[in-house]
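Please read this briefing alongside the sequence and the model, and keep the confidence values in view while doing so. The points are grouped by topic.

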Amino acid sequence: MPNFLKNGSKLFSHVRTITTEHRAVPSPVPFMQLDSYCEVNRDEDVYSKNRVIGNLVKCGSLKHALNVFDEMPVCDVVTYNLLISGHGRYGQPKAAFNLYADMVSLGIRESATTFSSVLSICSDAGLFREGIPVHCRVLKLGFSLNLFIGSSLIDLYLHKGLDKVALRLFDEVPERSLALWNLFLREFCELGKSEEVLRFYNKMKQDNVRPNGLSFCYLIRGCCNESFLHDGKKLHCHIIKIGLVKSNIFLSNALVDFYSACGNLIDAMKSFEVLEREDVLSWNSIVSICAYKGLLVDALEWFSCMQFHGKRPSIRSFVGLLNASSGTRNILLGKQIHCLILKMGFDPGSIHVQSALIDMYGKCGNIESSVLMYQSAPERTLECCNSLMTSLMHCGIVEDVIELFGLMVDEGIGLSEVTFSTTLKALSMCASPSLHSCQLLHSCAIKFGFESDVAVSCSLIDAYSRCGHVELSLEIFERLPSPNVFCFTSIINGCAWNGMGREGLGMLEMMIQKGLKPDWVTFLCVLTGCNHAGLVEEGRSVFNSMRSLYDIHPDRQHYACMVDLLGRAGLLDEAVELLQQAAGKGDSVMWSSLLRSCRVHGNERVGKIAAKTLMELELDDFSIYLQVSNFYSGIGEFEASEQVTENCTARKVTKQIGQSLIEVTVCV
């Protein structure tokens, strides 16, 4: 008898014995149905094992699930799908992707569920490089038209920032569900692309897609910018019209948050008042906006009322109050908030709290506490480093700012636009700013992709101007696609620093032609340029236009600049008249400048007025007394000079020793 028949008869008798005992199938089993019966038996075994693995995964017992998997002689696509989704769900994306790779290498064909799970894991874990081959497999196996797989692919490319690729895939999807539209709205909202959010909303209306409450939440949060306040208000009106405000608590909170982010306190309060049940998010938004607006009393009242109603404050409320303490330099309030954070059991090591505390102590002038908070952080994060950097900058410790930048580079902490902007400002404020250092930072900004950032560009313009290389500042300014008020102000200030007053006036004219409204800082930079270049008529015209054309009232610095300009030109009587218009009829800086001009032009009459006014101010500045004494001595009134000296001695004024630094280039 052939061997295969012998083996077959043995196998047949064995199967018949088993089936007879368990009564699973009628006995005897025909020989021709033996292979199909074994296949059924094996499938039942895999199915039962898959159920065990599924239950273990639901319980979070991945280790036991893998043990069952290792004991299985045969497994199928369902087995791998359960393990892949389980590892992804419990924060093990690498292990999940390795399971998928093993599955493909064994020749097990993926299902739609496999691709959806793997692509979602790649998207959430940032495994973009691993996601590209998965996309190729999707195309190869013909799953590209599947709605769920298409959604996962779109989510992957949106997370990577490849909007064009995601939109192309979106156009190829045969059926666009509302969930897919919401996916785009969510991603654009999280990335802060307000224009894209509104553009996509218009596209939804064109395709007759009706948004739901979640869609409007994303749309409203996407407008959380003062530039899109009008668009957000139109959305609010539409939401009221369709009756979603009162029925959706999340949408109501989004409206409160929207008006708070736009700085519209009145509408934020109105949105808060119409809430049928106040949510903790809304309370935190109200506290935050009051603190942002500098309404500390109101913010603290809402903060107390919030706790009275049983709502626990969040990190956002504390950060808002700490930022308000920074803005008002109220270190006492900041310390009280710090104590309350610790008392209520909030994690003091939170990035947002730690950064706010570092910033608060630094802005209030307590740099020691600011450094201590930085050192007590569990890890050095980019946010904490930036906060310490701005604190050091605020306290004038510019050398440490530059040293901190080097530390961040050495330790690989990361760099942001705030890092570059602050470091460049510190570099420009050094006693002798180095061109080489500016160029080095400029190269780093280009490498990290921050050259086009407005704040970084303005800081680069300032740094190069302080180094005396205004031509480099002009190159940076000319490369800006759409310079704003801050960019124009920076380049005008650079021209002023280098005695290019007429060029600064030209920039002001160009700025006005572009429809930009200059602010008080812009005018101060223009007047400084006119002062350095001796442009009296132009400076007088700019000064007069501030109030008449732009409704900007000149402050102390503008008056001081104009007094110095008129004094240098010998127009001393006009300078005195201008001083009479200033608040408090001028301060010591203005009168000291006028007195200096009187000595240069030999005008004793106006000089005596200036000297007398300076003495009436009762200052504690040795240089002022010395200047007045020298003036009287120069015109031959030695008794008055001695009297000023005696007054100075009686007030025990301490002389401040000045320092002067120069940069020397040594050629070897």
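pLDDT is the predictor's confidence in each residue, on a scale from 0 to 100, and a contact means heavy atoms within 4.5 Å. This is a predicted model, in which local features need pLDDT of at least 70 and side-chain atom pairs count only at pLDDT 80 or more, whereas totals for chains, interfaces and linings use all residues. Residues are numbered from 1 along each chain as its sequence is written, and side-chain values use heavy atoms, with hydrogens and water left out.

**Confidence**

- The mean pLDDT of the chain is 80, and 89% of its residues reach 70 or more.
- Over residues 654–668 pLDDT stays under 50, and the model has 6 contacts beyond four places in sequence for them.
- Residues 1–40 also have pLDDT under 50 throughout, with 14 contacts beyond four places in sequence in the model.

**Annotated repeats**

- An unreviewed UniProt entry carries the annotation "repeat: PPR" for residues 76–110, 177–211, 279–313 and 484–518; positions are given in the numbering used here, feature names are shortened, and such annotations may be inferred rather than shown by experiment.
- In the span 76–110 the end C-alpha atoms lie 10 Å apart, with 74% helix and 0% strand, where helices (H or I, at least four residues) and strands (E, at least two) are DSSP runs numbered from the N terminus.
- For residues 484–518 the end C-alpha atoms are 10 Å apart, and the span is 74% helix and 0% strand.

**Glu110 and Lys94**

- Glu110 is found in the loop between α5 (93–105) and α6 (112–125), and it is buried, with a relative accessible area of 3%; buried means under 20% relative accessible area, exposed over 50%, and partly exposed in between (1.4 Å probe, protein chains only).
- The side chain of Glu110 makes polar contacts with the side chains of Tyr100, at 2.7 Å, and Arg137, at 2.8 Å; a polar contact is a pair of N or O atoms within 3.5 Å, and within protein one must be able to donate a hydrogen and the other to accept it, while residues adjacent in sequence count only if both atoms are side-chain atoms.
- Beyond its neighbours within four places in sequence, Glu110 is in contact with residues including Val77, Met103, Phe115 and Leu141.
- Lys94, found in helix α5, counts as exposed at 52% relative accessibility, and its contacts, leaving aside neighbours within four places in sequence, are with Leu127 and Glu130.

**Helix α33**

- In helix α33 (residues 572–581), Leu572, Ala575, Val576, Leu578 and Leu579 are buried.
- These residues lie on the same side of α33 because they cover an arc of only 160° around the axis, the arc being that of the directions from the helix axis to the C-beta atoms.
- On the other side of α33, Glu577 and Gln581 are exposed, while the buried residues pack against α31 (536–550), α32 (556–568), α34 (588–601) and α35 (604–616).

**Cysteines and Thr419**

- The structure holds 0 disulfides, a disulfide being a pair of cysteine sulfur atoms within 2.5 Å.
- The sulfur of Cys395 is 9.6 Å from the closest cysteine sulfur, in Cys364, and therefore too far for a bond; Cys395 is partly exposed, with a relative accessible area of 28%.
- Thr419 lies in helix α24 (residues 417–429) and counts as buried at 0% relative accessibility.
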